[in-house]
Amino acid sequence: MDRAELTTDQVLKRDIPWETYMTTKLITGTCLQLLRRYDNRSESQRAVLLDDDGPAYVRVFVSILRDIFKEETVEYVLALIDEMLTANPKRAKLFHDKSLANEDTYEPFLRLLWKGNWFVQEKSCKILALIVSARPKTQDGVLSNGESSNSKKKFVTIDDVLRGLVEWLCAQLKKPSHPTRGIAIAISCLATLLKEPLVRSSFVQADGVKLLIPLISPASTQQSIQLLYETCLCVWLLSYYEPAIEYLATSRTLPRLVEVVKSSTKEKVVRVVVLTLKNLLSKGAFGAQMVDLGLLQIVQSLKAQAWSDEDLLEALNQLDEGLKANIKKLSSFDKYKQEVLLGHLDWTPVHKDPMFWRDNISNFEENDFQILRVLITILDTSSDPRALAVACFDLSQFIQYHPAGRVIVNDLKAKERVMKLMNHENAEVTKNSLLCIQRLFLGAKYASFLQA
């Protein structure tokens, strides 16, 4: 049978030769007694055993995963642990019982993430994420694996586990081991683990944020809605972490979030996206971008709907007020700057407004002529004819309105880039590149005669 399609129920129907393992000293007599008591029992009978002697069963399960490598047995024990934690996730605390201080409870699962078939990888990831999240907190942080022991053995540290998990989760997002479940399990575990500061930093360092962005898109089926919800939950958790916010600001995250919140009817999806947008509103240029994307109208439309969640209603009100405040303080140059920095150039009114250029021409000198440099980069990199045409036109406007415009644009090596566009197949691009070249050659004295 294809092990990628194995289910827990199928695996638990197996008969495992525990007596043989004891004969070959792979398990102890005590282990065998506990397994005989637990094996092939109903869920309610197992629940009583775990309530009475949970840590002892955890020790048995971990020791089998550590010492026995036969695939069928490894799968079976992982299925037992998965069943036990699915029935009651609070049982993950059993792995941190003081009586297990000398056990390296993380190591087998971390190793199996990379060594096993898909069933083994999926269960190991799910179990590891649960037991890591359930570890006891100490006064100065979080207790590491086996830290309370006086053992001389080298334990896998919690940092090793978290970094190992992030590495595996990123690998799944890039190239899933299973065609339908690889990405889903990775996102589900990330949504649990991104509460951890080390996971957030490791995930951003591994360039993981960009792997989430394609998954932020409107969903219709139950399965895809859950994936979308957990992806947005990951983005929400990252919206509290400054280095992640910097990445979100330079990607297509915001337009995708806005598209999702505009089209989604699932309250939990709307809630997590609105809370994310509320977090990002005051950060950097997000407020201006939200205004440009028409978020205020979407928020007002959402406010008119009957939501039951108090947090959502409060966040919608805060977003509404914040966006209105942003609109008031956003100058025409701020809006223009956002348009250029995002590369979303279009014929908005400011481009051909003489008053805008006269009033704001000195602002173009900020950050060593950053806006001009970005316009010139657009000429090199954009494939959008409208963006190319507007960039050429704006450079020609700068030449006209800035006293040293021609010299500055020449110094920034724009002439060669513009001249290449004079043979462009798009007439709008050709026309505006020609205008820019004429102003470059004629200078400000004559440039005012060449109006577009």
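Is Lys-324 buried, partly exposed or exposed, and what is its relative accessible area? Select Lys-324 in this predicted model. The residue is partly exposed, at a relative accessible area of 39%.

**Stop one: helix 18**

Keep Lys-324 selected and add Asp-320. Their side chains form a salt bridge, with N to O at 3.2 Å. Both residues sit in helix 18 (residues 310-329). They are four residues apart, about one turn of the helix. Now check the cover on the acidic partner. Asp-320 has a relative accessible area of 5%, so this residue counts as buried, because the cut-off for buried is under 20%.

**Stop two: helix 5 to helix 7**

Select Lys-123 and Asp-82 next. Their closest N and O atoms are 3.1 Å apart, in a salt bridge. This pair links distant parts of the chain, 41 residues apart. Lys-123 belongs to helix 7 (residues 118-133), and Asp-82 to helix 5 (residues 71-87). Both Lys-123 and Asp-82 are buried.

**Stop three: Lys-70 and Glu-72**

Move to Lys-70 and Glu-72. A salt bridge joins their side chains, at 3.7 Å from N to O. Lys-70 is partly exposed, with a relative accessible area of 48%. Glu-72 is also partly exposed, at 30% relative accessibility.

**Stop four: a network**

Select Arg-59, Arg-66, Asp-67 and Glu-103 together. Salt bridges link these four residues in a network.

**Before you leave**

Which total should you keep in mind while browsing for salt bridges? The count for the model is 25 salt bridges. Among them are Lys-324 with Asp-320, Lys-123 with Asp-82 and Lys-70 with Glu-72.

Definitions and conventions: Residues numbered from 1 in each chain as written. Predicted model: local features only at pLDDT ≥ 70, side-chain atom pairs only at ≥ 80, totals over all residues. Heavy atoms only, no water. Buried < 20%, exposed > 50% of the residue type's maximum accessible area, 1.4 Å probe, protein only. Helix = DSSP H or I, 4+ residues; strand = E, 2+ residues; numbered from the N terminus.
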